[in-house]
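The following exchange is intended for a student who is learning to read a molecular model. Please examine the sequence and the structure before reading the answers.

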Amino acid sequence: MRNADCELWRRSPRRAPKSSNRRLTQAPLHHDCCVVISEEEARAKILSAVASLPATEVSLADALDRFAATELFATIPLPPFDNSAMDGYAVRAESAGKNARLKIIGEQPAGVSKNLSLLRGEAVRIFTGAPMPSGADAVVMQEETKHEDDLVLIEAEKISVGDFVRKAGADLAVGQQLLKRGDQLRPASLGLLASQGIESVCVGAQAAVAIVTTGDELAAPGQQPRAGEIFDSNGLMLASLAAKTGVKVAMQRHCPDIFDTLCRTLLDAAQQDAVVISGGVSVGEHDLVRKALREISAEIDLWRVAVKPGKPFLFGKRDRCFIFGLPGNPVSAFVTFLIFVRPALLQMMGAIDLGLARANARLTHEIGGDETRPHYFRGELADAAFTVIGRQESHAIFGLARADALLRVRPKARLSAGSEVEVLLIH
Ligand code: AMP
Ligand code: MG
């Protein structure tokens with residue numbers, strides 16, 4: 001979000017006389033273009049429309065959280081050579097019984113091979129990570145020895161072949177798979193690739209996303225709201241959700257409910273890989289997004305999904321840009337981002353696992369689903385117990401802000417206190 005071209009909140013000349021304002025000249029749209037479809041159907045439609053962006057090679061330093069676009073296999077074993085797991089003495093186990101005195105014939109530090117070899121009755125002073133001398137088959141840890149001039153006294157009770165030796169290839173063999181397509185590059189996976197000497201990796205491109213908030217009633221945080229105005233909470237929330245999904249927020253702009261301005265803003269926004277619009281997708285006369293999308297020759301693939309909150313959700317495209325219209329109520333925007341937009345953006349960037357992390361939980365109270373739509377309840381997850389938190393209406397952001405998880409309750413379902421449920425983690 002830092003490097004976003006943030007053109008937030010240029011307060012536009014508003015409340016122009018009705019005669020010159022095309023806002024109110026738009027005829028109300030009828031609902032005949034798209035029928036309400038199920039959540040599953042909507043997600044399937046979106047995911048079948050959204051193609052992966054072309055893959056790109058990035059240095060490992062830039063690859064954190066990106067998605068592997070190719071498979072990668074080990075070319076060197078790990079460890080690459082037999083080495084000591086301890087500071088101590090490399091020995092032959094058969095000659096290193098308790099109280100044996102072994103002759104120290106040399107020293108083998110880490111990072112250099114001295115090509116030492118030892119015989120029965122001999123020892124080599126050795127350090128963690130140093131290559132094992134040939135002929136040695138065990139290491140006695142320093143704490144179990146006593147150094148006496150050029151001899152070492154073994155105080156360990158028993159030394160067996162292989163003690164404290166890290167065998168070549170024991171962790172990873174040549175040819176073993178390091179990465180599958182779609183794997184997310186986490187800190188440890190980057191460490192693994194680096195351990196193979198790999199400098200760069202082929203990953204899915206990072207999607208560039210525009211966030212457009214709409215609404216005459218919105219004031220930017222920091223502005224003085226006029227009577228009847230509320231502060232915009234979706235702009236920052238959606239940009240943050242987008243950034244957490246791993247995309248680049250390339251543009252963030254607010255647009256009043258003025259048709260021409262909205263068309264121009266959406267045209268600009270559609271230069272990105274995806275646009276996320278907040279508000280203006282419902283059925284009122286001031287909901288101009290569908291009309292504006294048609295005006296800029298975007299296709300609307302679906303509008304209105306049977307899900308609560310989030311029914312007015314819209315999905316479409318213009319050329320290679322995918323367009324997501326989210327209801328303006330903050331909880332609806334949040335939930336529809338997570339269940340529809342996030343998986344689509346992840347798929348664009350080459351991910352295969354598109355779902356939110358899940359957890360099993362025990363419901364602490366009874367809960368009833370909506371009559372017709374799956375209902376996402378927001379709740380707190382503590383000690384594997386889920387408790388709905390705050391008001392559950394679509395504008396109620398306070399409870400959402402304290403929630404850890406969403407519980408999807410099927411239409412008409414009644415879940416009793418103590419039920420085992422699976423919740424979706426939202427952090
Ligand atoms: P809309 O989807 O544009 O009809 O908006 C539905 C409700 O969400 C209205 O009460 C709006 O005031 C509110 N709303 C729309 N956009 C935002 C936003 N960016 N931040 C907070 N509330 C919003
Ligand atoms: Mg609105």
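The questions and answers below concern this predicted model.

Q: How many helices and strands does the chain have?
A: The secondary structure of this predicted model consists of helices and strands that are counted along the chain. The chain has seven helices and 30 strands.

Q: What radius of gyration does the chain have, beside that of a compact globule of 427 residues?
A: The C-alpha trace spans about 105 × 50 × 40 Å along its principal axes. A compact globule of 427 residues would have a radius of gyration near 22 Å. The chain, by contrast, has 31 Å.

Q: Which helix gives the most to the lining of the largest pocket?
A: The largest pocket has a volume of about 980 Å³. Its lining comprises 38 residues, and the closest to the pocket centre are Lys244, Thr245, Arg342, Leu356 and His427. At least two lining residues come from each of helix H3 (234–245), helix H6 (330–348) and helix H7 (397–402). With five residues, the helix that gives the most is H3.

Q: How many nonpolar residues does the lining of the largest pocket have?
A: The lining can be divided by residue class. Eight of its residues are polar and nine are charged. The number of nonpolar residues is 21.

Q: Which residues come nearest to ligand 1?
A: There are 16 residues around ligand 1. By class, this shell divides into five nonpolar, eight polar and three charged residues. Those that come nearest are Glu217, Asp232, Ser233, Gly280 and Gly328.

Q: What percentage of the accessible area of ligand 1 does the protein cover?
A: Backbone atoms approach the ligand at several places: a backbone N or O atom of serine 233 lies 3.0 Å from a nitrogen atom of ligand 1, and a polar backbone atom of asparagine 234 is 3.4 Å from a nitrogen atom of ligand 1. In addition, an oxygen atom of ligand 1 is 3.1 Å from a polar backbone atom of asparagine 329. On its own, ligand 1 has 480 Å² of accessible area, and the share covered by the protein is 77%.

Q: What is the omega of the cis peptide bond that joins leucine 78 and proline 79?
A: Proline 79 is placed in the loop between strand S4 (72–73) and strand S5 (83–84). The cis bond joins this proline to leucine 78, with an omega of about -10°.

Q: Which residue does a cis peptide bond join to lysine 308?
A: The bond has an omega of about -5°. The residue in question lies in the loop between strand S21 (305–306) and strand S22 (314–318). It is proline 309.

Q: What is the phi of aspartate 149?
A: Aspartate 149 is located in the loop between strand S10 (145–148) and strand S11 (151–154). Its phi is positive although the residue is not glycine, with a value near 50°.

Key: Residues are numbered from 1 along each chain as its sequence is written. Chains are lettered from A and ligands numbered from 1 in the order in which they are written. This is a predicted model: local features need pLDDT of at least 70, side-chain atom pairs count only at pLDDT 80 or more; totals for chains, interfaces and linings use all residues. Side-chain values use heavy atoms; hydrogens and water are left out. On a 1 Å grid over the protein atoms alone, a cavity is a set of points where a 1.4 Å probe fits but cannot get out, and a pocket is an open set with protein on both sides within 12 Å along at least five of seven lines; lining residues have an atom within 4 Å of a point. Grid points are joined across faces, edges and corners, and a volume is the space filled by probe spheres set on the points. Helices (H or I, at least four residues) and strands (E, at least two) are DSSP runs, numbered from the N terminus. Ala, Val, Leu, Ile, Met, Phe, Trp, Tyr, Cys and Pro count as nonpolar, Asp, Glu, Lys and Arg as charged, and the others, Gly among them, as polar. A residue is near a molecule or strand if one of its heavy atoms lies within 4 Å of it. A polar contact is a pair of N or O atoms within 3.5 Å; within protein, one must be able to donate a hydrogen and the other to accept it, and residues adjacent in sequence count only if both atoms are side-chain atoms. Accessible areas come from the Shrake-Rupley method with a 1.4 Å probe; for residues, only the protein chains shown count as cover. The radius of gyration is taken over C-alpha atoms; the globule rule is 2.2 Å times the number of residues to the power 0.38.
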